[in-house]
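Work through the exercises below with the model open. Each task is followed by a stepwise solution.

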Amino acid sequence: MHGFPFWPATASAYARQIDFLFGSLLVIAGLTIAFVFFLLLFFANKYRHGSKADRHEPTKKTWRWEVGWTAATLVIFVGLAMWGGNLYVHLYNPPPSAVQIFIVGKQWMWKAQHPGGQREINELHVPAGQDIRLVMASQDVIHSFFIPALRIKQDVVPGRYETMWFRADKVGRYHLFCAEYCGTDHAHMGGWITVMEPRDFAEWLKAQGGQQTLAAQGEQLFHRYGCSGCHEPGGTVRAPNLNGVFGSPVPLSDGRVVVADERYVRDSILNPKAEVAAGYAPVMPTFAGQIGEDDLARLVAYIESIGPQPRGGGAH
Amino acid sequence: MAERMLGIQYSTLAQERETVTLGMWAFLATEVLFFGALIAAYLNYRIWFGAEFIAAAKMTKVVLGTINTAVLLTSSACMAMAVSTRDGGGRRAPVLWLIATALLGLMFIVIKGYEYSLEYQEQLVPALNFDVARHGGVAEIFFMFYFCATGLHALHLLIGICLVSWLAFAIGTDRLRPGSTTRLIGLYWHFVDIVWIFLFPLIYLAGRNG
Amino acid sequence: MHAPRNETYLNATVGIRSWLLTTDHKRIALLYFAGITFFFFVGGMAATLIRLELITPQPDLGSPDFYNRLFTMHGIIMVWFFLIPSIPTTMGNFILPMMIGARDLAFPRLNLTSWYLYMAGGTITIIALLLGGVDTGWTFYEPYSTFYATGYIILAVFGIFVSGFSSILTGLNFIVTVHKLRAPGMTWYRLPVFVWSTYATSLILVLATPVLAMTLLMLLAERVLHVGIFSPQLGGDPLLFQHMFWFYSHPAVYIMILPSMGVISEVVPCFSSKPLFGYEFVVWCSIAIAAIGFLVWGHHMFVAGQSLYASLAFSFLSYLVAVPSAIKVFNWIATMHEGWIRFDAPMLYAFGFIGLFTIGGLTGLFLAALAVDVHVTDTYFVVAHFHYIMVGGAVMGYFAGLHYWWPKITGRLYPDYWARFAAILAFFGFNLTFFPQFILGYLGMPRRYQSYPPEFQIWHVLSSAGASILAVGYALPLFYLLWSILRGPRASANPWGATGLEWSTRSPPPPENFDVTPTVIRPPYEYDRGVPCMQAKNG
């Protein structure tokens, strides 16, 4: 028997902030409901047909009440909107020092790739107190990566990267759910997030066995898929050198300037004609259908590792 | 010519006339939202894909599209003439104008059909023979829009042609008393024309201004 | 001109053809009522099976595919074939022309056509479900629904597409009717709020449904042709489908709730024997809900991958749209102040509506708070929220209206004891069913799950227990309402002491509603120290 669970596990400071907002909403809603129910029952009793209550001519000046409760409602609502929005914006500002983990969702499992090359299926081990940034892709349909204990979720949409970040601070094992209906085994597409003491986590990493870092694997792919043939100095075709590119602005041939983030790298591999770097001919072939999301993650990790400020791309 | 009974919900002929006119305007509002949804989706991609989308648009047959625009505008003028001569109580003049309207509408359909056949030959028809390797996925999306939008428009135009033809027949054989029917069908015809006036620059003239 | 004293719309003509080819808005309302009731019980059966399944954490009643088809069927049937048509096509059709003093809707034959379109769409969808069903959820998110799902999606979507035209034409009919067929003296500000609510609903029906039509058409194109404007493999945007879908589907929820609010605005003044507090505010709140309701669709997509700025804007607008609903609740309660309150079944349902709609609406505030929504979206919290509004709100409103206008429609009275009992049972059953789901949602129980972690079970057991009580509360009216038709005492023209035009003609009404076209001499809901002042002259 599990008793009556009322509150989910709380595994991060952000989660506690959400709980505070939620709790405040509970109080506001609770008071309002109590007030409404009280009035309903009170009036139902006092003014029931046949009661001796005082019913002098009802007031005609209704607009004072109207303006009053409209204004009060508006003020409270705007305050709540701002509060919720403020916390939400926090989710869009990952610290630059966050460790990056690549997640791929597919029917019906989650795959994780740590920067050190460690791979997990339906599980994610992370150290407590460390900023973690997830870069997520879907191989097929829309899924959603949901960790109730951290109060975060993000839909994972095929054809693009979505990102999410968190800092868990409480050691434990927490549910991972897929929260966007994705077919037959949607209800089984889940697993566990394990938050460990940093020391235990380091040992866990080592225990996964020797493997190359994600970036090193990416470098191998960079050669295997023929990227180095054009993109390294001495290549046969004139293509931008990718050293120091990641994270910097890239002027495009149509005049726009975009930041070379993981989205740009992935899109450039799959649809190179969309955002051609200024001064270069659009001759890069597309690799759509040839490189799966797992390999794309490795390539992105590699390009990031040769960028100017490797963003946690090395080992933990 | 039989006296037409007023429905029980109406008290006067004028009320009936106003009511059906408002009904037609309300119906046209729904059509605005129907085509509007497609146009909004199109605009979204036009901004999102930028140059690739416009490159695909340049593969449309702008000469044929322009001819068709002239044809449709002329047909609307004929329809307007039909309405105004009918308002005067006439029979022969409106019928002739209506026949002209329908014929111009048919001409539009024929030219459109010819255009579609050219696109088929150039392997630009999504799901049938679109050459994705040569033109790219974004171009295929553009041509999905092209065929859906112009196809739905052509369907509405065909319905309009049927209505106009029936109207010409009914007036010509005196089966219809002078009333609001011509005006109502005129409203519909003008609306179908207006949809084209939005589709034409969006689809055909994209990126052709320089 | 004058119908004989005992001629009503029910007995004026006989035979199946006189019903299936009728243009009388009252008969068409009853035709709709049959369809609505049928679909309600089909959707309800799906709900029963869902709640039975969820009593235990493991699969019990079938494979995951079966369960996925079950919740999809429940959603599709309840949204498109029950909730959206419910009040407008039954009570709207029957009562609205009478309320404005008209003899029928503006376009009676179009009205009949709307019913046939509704039945055709419903039949096509039922066939799709019987053949093996659809498992995409009622939201049909792609690329799952276009490239991955098996099932009879094309047929089901086509059925919804066809019934959409029924919605559009019904809305069009109502709008034109309210503009053009009002009786002498019935100015806009003398219209009962039910008319205003139906009018606002019709604006949404007419303007939002075409967007659904186009969205479904694009969905069908992608599924049939295996290529489409949303396809990620071509570079298309799956989110575009969501934007188009929710641009309709959010206003659609206002289609579902506005008519119920209109019913409550009729019932509360009547059973308080007092004018509606703040009539003009309530009227403009209805219009405001319809208008602002078009601007909030992105709140279904806060975690979908839309831009931060879009989310901020939609959150703010979502809070804005909650304000007019709150104002209405205050106005209804203020109406009761210093009234002469009676507790007949319609009023009990109205009390239930106000309480449950308030809870549901307040939980909307939780969902509009961006950061909270990130946690609770796609969980049972949302499921609880919308069931509080749609079942605790809209369905309660439907039953309130049904019990309120039943004497007018059938000319019979039902046994009040059983009606009140059913209302109270439904209220308690409803709360037991759906309140635990708020808790489940915050705990993290996702939607559309057949099996779940065992620690969630206790709440599911409570929820399913509540559902069994709710089912009884909904089944009871079938019995006593049917009984009333066969053996109930005959109803007078105005058994409740209300003031609207519909109460100044006999029960059931004559075929052309009124023996003489009424002249309207006062606003609605006027009571002189508890005594109703009829809107119609000599009423």
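**Exercise 1.** Find which helices of chain C each supply at least two residues of the lining of the largest cavity.

Solution. The model is predicted. Step one: list the helices. They are H4 (86-99), H7 (153-180) and H8 (193-225) of chain C. Step two: rank them. H7(C) gives the most, with 5 residues. Step three: go to the centre. The lining has 15 residues, and the closest to the centre are Ile84(C), Pro85(C), Ser163(C), Ser166(C) and Ser167(C).

**Exercise 2.** State the volume of the largest cavity and the character of its lining.

Solution. First, the volume: about 110 Å³ of space. Next, the lining: 8 residues are nonpolar, 7 are polar and none is charged. Finally, the cavity count: the model holds 5 cavities of 30 Å³ or more.

**Exercise 3.** Describe the second largest cavity in the same manner.

Solution. Begin with volume: about 70 Å³ of space. Then take the lining, which has 13 residues. Nearest the centre lie Glu266(C), Tyr404(C), Ala498(C), Thr499(C) and Tyr525(C). Sort the lining by class: 9 nonpolar, 2 polar and 2 charged. Last, assign the largest share: helix H9 (residues 238-272) of chain C supplies 3 residues.

**Exercise 4.** Check the span of helix H2 of chain C against the expected value, then inspect its start.

Solution. Helix H2(C) covers residues 25-53, 29 residues in total. Its first and last C-alpha atoms lie 41 Å apart. At 1.5 Å a residue, 42 Å is expected, so the two values are close. Now the start: a side-chain oxygen of Asp24(C) comes to within 2.9 Å of the backbone nitrogen of Lys26(C).

Methods. Residues numbered from 1 in each chain as written. Chains lettered and ligands numbered in written order. Predicted model: local features only at pLDDT ≥ 70, side-chain atom pairs only at ≥ 80, totals over all residues. Heavy atoms only, no water. Helix = DSSP H or I, 4+ residues; strand = E, 2+ residues; numbered from the N terminus. Polar contact = N/O pair within 3.5 Å; in protein donor to acceptor, adjacent residues only side chain to side chain. 1 Å grid on protein atoms, 1.4 Å probe; cavity = no way out; pocket = protein on both sides within 12 Å on 5 of 7 lines; lining within 4 Å. Points joined across faces, edges and corners; volume = space filled by probe spheres on them. Nonpolar A, V, L, I, M, F, W, Y, C, P; charged D, E, K, R; others polar.
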